[in-house]
Amino acid sequence: MKKLRWAMDGGFWEVDLSTAVTVDGVARPAPEDPIPLGLSRGTRLSRPKQIDFFQRFMSMPFVPSFSNSNGLSFHRLISLPLPPFARDTWFSTLVGRFDVRKFTSRQRQRQQQEDSDASFLHAVWTHVLNPSFYALNFCSEWLLTPEDTLLLSLEKHGSSHDTIPRKKAVLHHKFPDHNLTIEAASPTLFVDGLGNYWDVPFTLGLDFASLPSSDSGMSSHFCINHTSGSPHKYDTTPVSVPVPVPPSLLPGLCAKCAVSFKNNFDIWRSQAPKTKLVQPYDIFLSNPRISASAIIGTVITASLGENSVRAKAEDGLFGFQAKGANSAISADLFATASLSAQHGNFQKLFFDLTRINARVDVPSMSKFVVGASRLAVDLYNSRQAPSVEAIQSICPSASLSIQQQICGPLSFRIDCGVSVDMTKKKEWWYMNAINDPVYAAEYALQVLGSAKAVAWYSPKQREFMIELRFFET
């Protein structure tokens, strides 16, 4: 369900997550403190445009997907007729989704009751016309000016647990050195760190981010998020243990401002000549090299409302903290370091691309320094070995991405988080180390220079999806 972005792109600047739960195919991560930022979204091709590309240029009559709540589904897009003068600046579509699992389960129940062929055909036709097996998404996107884009969407599900229409309006504006995004949605689908989906009745957000002028340098980010209404779980299946609502999704206003400095440098770059007169399958993946990247920055968070409870600090943190009855403000540092290695030019037919990328994140420098100082004091004052809990408190989070070409434009990729839980002694280490893996098969679209069709599966979310990506390395 993740965006499958390489670690060097930066894990702190949070992007929308791809999901097969809705027709729109987008879920927002529940904001955390102090990082990642709440509304920091990367540019992506809208889901209707992806399906339109698959139907037009890859001859796919239906685009499949799978989710734990909907089962196997098929998507089909219909382009709505537009006047000739607006076809270059207006994109309007209707996307329909048919839930196969719900249809087959209902059909089996009906088949057990009636055995005649006439009754069977009548039951099939009746179920095909049943609106509970369908979901529709109307999307209209206007290119107002060369710098402004407006997107409006309306989504309606026929299932009983998702009867409220989903409405969304997004305005994108491109400044010379910044991007501005304003979005209003009702309800908005969020996903927390445990993989639970939440619907927030209404959200309004503004995101202003600087564009990277080079591989290294300073970048800034400012966003404001307003949420209202009581969040509730998207999936209403009863659970034995109630799941608490993430504090960041409670009603209130939250503003964040972050400034970071990034430095990229090459450790080694291949000087070997490429195969002449052979275009790489992806022009951005044709240079073997080993490179590293480091980011350090600071973020200030101000909250007003019920969501301010998430900004309460732990005792002993040296980061700036101030709390009121229904408000809070905090400041902290964050850091990340990554290493990327690539072998092969992605030109040959077999095994000409191997990529490995590893990233280590320290989302809260204050917690890391306090934990390290406590560990140092314990070692200095006593000769005993430090406790497992003390060591665990300073372990940063990490992620790993591996990609291997199989044949021609086809490659296989694995993205996963890496963490070691030392408190669990009865389980094998690898069961604790790998978390939230995502397996993907990528098919590079060579004719477009740098584009690919990605089919990914997330065991944790039990979701499968086919997407289209452009200029993503």
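The expected span of a helix is 1.5 Å times one less than its number of residues. In this predicted model, helix α4 (residues 365–381) has 17 residues, so it should span 24 Å, and its end C-alpha atoms are indeed 24 Å apart. The points below cover that helix, a nonpolar surface patch, the cysteines, an open sheet and a strand residue.

**Helix α4**
- The separation of the end C-alpha atoms of α4 agrees with the expected span.
- Met365, Ser366, Val370, Gly371 and Leu375 are the buried residues of α4.

**Nonpolar surface patch**
- Leu349, Phe350, Phe351, Ile406, Leu410, Phe412, Tyr439, Tyr443 and Tyr457 make a nonpolar patch of about 860 Å² on the surface.
- At least two residues of the nonpolar patch come from β21 (410–418), and at least two from β22 (434–444).
- Phe350, one of the patch residues, sits in the loop that runs between β18 (327–343) and β19 (354–362).
- Phe350 counts as partly exposed because its relative accessibility is 48%, and partly exposed covers the range between the 20% limit for buried and the 50% limit for exposed.

**Cysteines**
- A disulfide is a covalent bond between the sulfur atoms of two cysteines.
- Zero disulfides are found in a search of the whole structure.
- For Cys257, the closest cysteine sulfur belongs to Cys223 and lies 8.9 Å away, which is too far for a bond; the cut-off for a disulfide is 2.5 Å between the sulfur atoms.
- Cys257 has a relative accessible area of 37% and is therefore partly exposed.
- Cys416 has a relative accessibility of 11%, so Cys416 counts as buried.

**Open sheet**
- An open sheet with mixed pairing is formed by five strands, in the order β1-β2-β10-β11-β14.
- Its edge strands, β1 (17–18) and β14 (232–233), each pair on one side only.
- Within the sheet, β2 (residues 26–29) pairs with β10 (residues 188–191) in the parallel sense, over two bridges.
- Arg28 has Phe190 as its bridge partner in β10.

**Ala455 in strand β23**
- Strand β23 (residues 451–458) contains Ala455.
- Ala455 counts as partly exposed because its relative accessibility is 23%.
- Ala455 and Met465 are 10 residues apart along the chain, and their C-alpha atoms are separated by 5.7 Å.

Terms used: Residues are numbered from 1 along each chain as its sequence is written. This is a predicted model: local features need pLDDT of at least 70, side-chain atom pairs count only at pLDDT 80 or more; totals for chains, interfaces and linings use all residues. Side-chain values use heavy atoms; hydrogens and water are left out. Patches are made of residues with over 30% relative accessible area and no salt bridge: like charges are joined within 9 Å, nonpolar side chains (Val, Leu, Ile, Met, Phe, Trp, Tyr) within 5 Å. Accessible areas come from the Shrake-Rupley method with a 1.4 Å probe; for residues, only the protein chains shown count as cover. A salt bridge is a side-chain nitrogen of Lys or Arg within 4 Å of a carboxyl oxygen of Asp or Glu. Helices (H or I, at least four residues) and strands (E, at least two) are DSSP runs, numbered from the N terminus. Buried means under 20% relative accessible area, exposed over 50%, partly exposed in between (1.4 Å probe, protein chains only). Two strands pair if DSSP finds at least two bridges between them.
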